[in-house]
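Grab a pencil and open the viewer. Here are some exercises to help you find your way around a protein, with solutions worked step by step.

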Amino acid sequence: MKSGPLLQLERVSVRYGAIEALREVSIEVGAGEIVTIIGANGAGKSSLLKSIAGLEPIASGRILIDGRDIGAIPAHKRLQCGVTLAPEGRGIFPDQSVLDNLLLGAYSLQATAAEINALVGHGFELFPRLAQRQAQWAGTLSGGEQQMLALARALMSKPRLLLLDEPSLGLAPLVIRDILRSIRVLRDAGLTILLVEQMAHQALALADRGYVLETGRITLEGSGSALLANPGIRAFYLGAH
Ligand code: ATP
């Protein structure tokens, strides 16, 4: 029997008063896939991730994990369903150490100290720079290191579906390359990832599939390579002529 997608959105709409940030958005993410959402500023990308994480209520539609409607489940319980958001702007605690930030990421888990230690070890393996800086205040990390911490902290909740909101934001090209490489490593280890990015080229090159979001609507979908080769996408999102 073929299993269904891990995540399914069916005609999801999100409104802020009169603004309709998402209009009947339907997407699917299969287990083990990296799926990317590309779109201009204000297209609704963050609203999409927040609605999946339970941080923004939906006006209509359904959000399903493993075929189960999670629409009525509050954000902290969605973490327990395996859905974790690494938000835009990173959301780390600047006045806490790197290690304490990581430990806070595991707060929703009913885990033993040994399991938590293993998760911290896994994060440090993925980002050795964090291991060297574990006692340092998170607010004093470089932008790239803060993004690594945000990713490592999100992994502390043992997600099945990781929602990443613009992990490249404000970072230098070489740092972006490292972050994207680590996202691929996570996918190769079996994690399912929904990635929102303005760096459309890099995101599509990394992703198995992608969707284009324009003023709250999905206007195009396809494999990462098909979208990369699409002349309209190239002209509008990739700066090619
Ligand atoms: P960016 O790439 O600039 O982060 P985005 O694609 O993530 O943009 P959203 O942040 O989801 O877009 O915003 C979509 C629309 O909803 C925008 O018009 C935005 O102004 C509006 N919006 C977002 N959050 C709120 C809010 N809390 N209250 C009112 N309007 C909002």
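The exercises below start at the ligand and then move on to helices and strands; keep in mind that the model is predicted.

**Exercise 1.** Find the residues around the ligand: which are the closest, and which classes do they belong to?

*Solution.* Step one: list the shell. It has 13 residues, and the closest are Asn41, Gly42, Lys45, Ser46 and Ser47. Step two: sort the shell by class. You get four nonpolar, six polar and three charged residues. Step three: ask which element gives the most. That's helix α1 (residues 45–53), with three residues.

**Exercise 2.** Look for polar side-chain atoms beside oxygen atoms of the ligand, then work out how much of the ligand the protein buries.

*Solution.* Begin with asparagine 41, where a polar side-chain atom sits 2.8 Å from a ligand oxygen. Next comes lysine 45: an N or O atom of its side chain is 2.8 Å from an oxygen atom of the ligand. Then try glutamine 198, which places a polar side-chain atom 3.1 Å from a ligand oxygen. Each pair counts as a polar contact because the cut-off is 3.5 Å. Now for the area: on its own the ligand exposes 630 Å², and the protein buries 63% of that.

**Exercise 3.** Is helix α1 largely enclosed or largely open, and why?

*Solution.* First, count. Eight of the nine residues of α1 are buried, so the helix is largely enclosed by the rest of the structure. Second, name them: Lys45, Ser46, Ser47, Leu48, Leu49, Ser51, Ile52 and Ala53. Third, step just past the end of α1, where glycine 54 has a positive phi of about 85°.

**Exercise 4.** Describe the surroundings of strand β7 (residues 161–165).

*Solution.* Start with burial: five of the five residues are buried, so β7 is largely enclosed by the rest of the structure. Now check directions. Leu161, Leu163 and Asp165 point one way, while Leu162 and Leu164 point the other way. This fits a general pattern: in a regular strand, side chains alternate between the two faces of the sheet.

Next, find the partners of β7. Strand β6 (residues 83–86) pairs with β7 in the parallel sense over four bridges, and leucine 85 has leucine 163 as its bridge partner. Strand β8 (residues 192–197) also runs parallel to β7, joined by five bridges. There, leucine 162 is matched with isoleucine 193. Finally, trace the chain from β7 through helix α7 (residues 173–188) to β8: this β-α-β crossover is right-handed.

**Exercise 5.** What is the strand order in the open sheet of four strands, and which strands stand at the edges?

*Solution.* Read the order first: β2-β1-β4-β5, with antiparallel pairing. Then look at the ends. β2 (19–29) and β5 (68–69) each have a single partner strand, so one side of each is left without a neighbour in the sheet. Now zoom in on strand β1 (residues 7–16) and strand β4 (residues 60–65), which are joined by five bridges. Leucine 9 is opposite isoleucine 63 in β4.

**Exercise 6.** Is threonine 36 buried or exposed, and which backbone oxygen lies 2.9 Å from a polar atom of its side chain?

*Solution.* Locate threonine 36 in strand β3 (residues 34–38). Its relative accessibility is 0%, so threonine 36 counts as buried. The backbone oxygen you're after belongs to leucine 195.

Technical notes. Residues are numbered from 1 along each chain as its sequence is written. This is a predicted model: local features need pLDDT of at least 70, side-chain atom pairs count only at pLDDT 80 or more; totals for chains, interfaces and linings use all residues. Side-chain values use heavy atoms; hydrogens and water are left out. A residue is near a molecule or strand if one of its heavy atoms lies within 4 Å of it. A polar contact is a pair of N or O atoms within 3.5 Å; within protein, one must be able to donate a hydrogen and the other to accept it, and residues adjacent in sequence count only if both atoms are side-chain atoms. Accessible areas come from the Shrake-Rupley method with a 1.4 Å probe; for residues, only the protein chains shown count as cover. Helices (H or I, at least four residues) and strands (E, at least two) are DSSP runs, numbered from the N terminus. Ala, Val, Leu, Ile, Met, Phe, Trp, Tyr, Cys and Pro count as nonpolar, Asp, Glu, Lys and Arg as charged, and the others, Gly among them, as polar. Buried means under 20% relative accessible area, exposed over 50%, partly exposed in between (1.4 Å probe, protein chains only). Two strands pair if DSSP finds at least two bridges between them. A crossover is right-handed if, with the strands pointing away from the viewer, the path from the first strand over the helix to the second runs clockwise.
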